[in-house]
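Colleague: Please place the structure before us, so that we may discuss it step by step.

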Amino acid sequence: MKYWLYIAIAGLFECVWAVGLKYTEGLTRLLPTAGTAVAIIISFYFMALALQKLPMGTAYAVWTGIGAVGVATFGMLFLGESRDILRIFCILLIVAGIIGLKLVSGAVE
């Protein structure tokens, strides 16, 4: 179960660095750029830990799925991005895919 926790942490930090990129203004602002770099390192570190036991394709899909859902949600809540019902439905499909991958991947330590 700890490897799924690792991939969840990696996915959360993927959200942090993806959102952080918006505030770096093309990597020209020092603090947002440094924070983004730290988040990237943390995300990759936990992804590497998760890959010790999780199948690579599953781990990558879950990692990017968490990032996509997190960043899209952030955009809707804080940046005024569209909250169209079809968009929300599609985001929920990503969540369903993440859950499905977890269920079909079997028990890993």
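The questions and answers below concern helices, a nonpolar core and aromatic rings.

Colleague: On what kind of model do the values rest?
Modeller: Residues are numbered from 1 along each chain as its sequence is written, and side-chain values use heavy atoms, leaving out hydrogens and water. Local features need pLDDT of at least 70 and side-chain atom pairs pLDDT 80 or more, while totals for chains, interfaces and linings use all residues, for this is a predicted model.

Colleague: Where does UniProt place the feature "transmembrane region"?
Modeller: UniProt positions are given in the numbering used here, feature names are shortened, and annotations may be inferred rather than shown by experiment. The unreviewed UniProt entry places this feature at residues 34-51, 58-79 and 85-104.

Colleague: How far apart are the end C-alpha atoms of residues 85-104?
Modeller: Helices are DSSP runs of H or I with at least four residues, strands are runs of E with at least two, and both are numbered from the N terminus. The span 85-104 is 100% helix and 0% strand. Its end C-alpha atoms lie apart by 28 Å.

Colleague: Which helix supplies the largest share of the largest nonpolar core?
Modeller: A nonpolar core is a set of buried Ala, Val, Leu, Ile, Met, Phe, Trp, Tyr and Cys residues joined through side-chain atoms within 4.5 Å; buried means under 20% relative accessible area, exposed over 50%, and partly exposed in between (1.4 Å probe, protein chains only). The largest core here has 16 residues, and Tyr 6, Ile 7, Met 47, Leu 54 and Val 62 have the most contacts inside it. At least two of its residues come from each of α1 (2-23), α2 (30-50) and α3 (56-78). The largest share, six residues, is supplied by α1.

Colleague: Why is the pair of Tyr 6 and Phe 46 classed as it is, and what is that class?
Modeller: Rings of Phe, Tyr and Trp (its six-membered ring) pair if their centres lie within 6.5 Å; planes under 30 degrees apart count as stacked, over 60 as edge-to-face and the rest as tilted. The structure holds six aromatic pairs. In this one the ring centres are 5.9 Å apart and the planes stand at 50°, so the pair is tilted.

Colleague: Is Trp 63 buried or exposed?
Modeller: Trp 63 forms a tilted aromatic pair with Tyr 60, at 5.7 Å centre to centre and 55° between the planes. Both lie in helix α3, three residues apart, about one turn of the helix. Tyr 60 is partly exposed, at a relative accessible area of 46%. With a relative accessible area of 8%, Trp 63 is buried.
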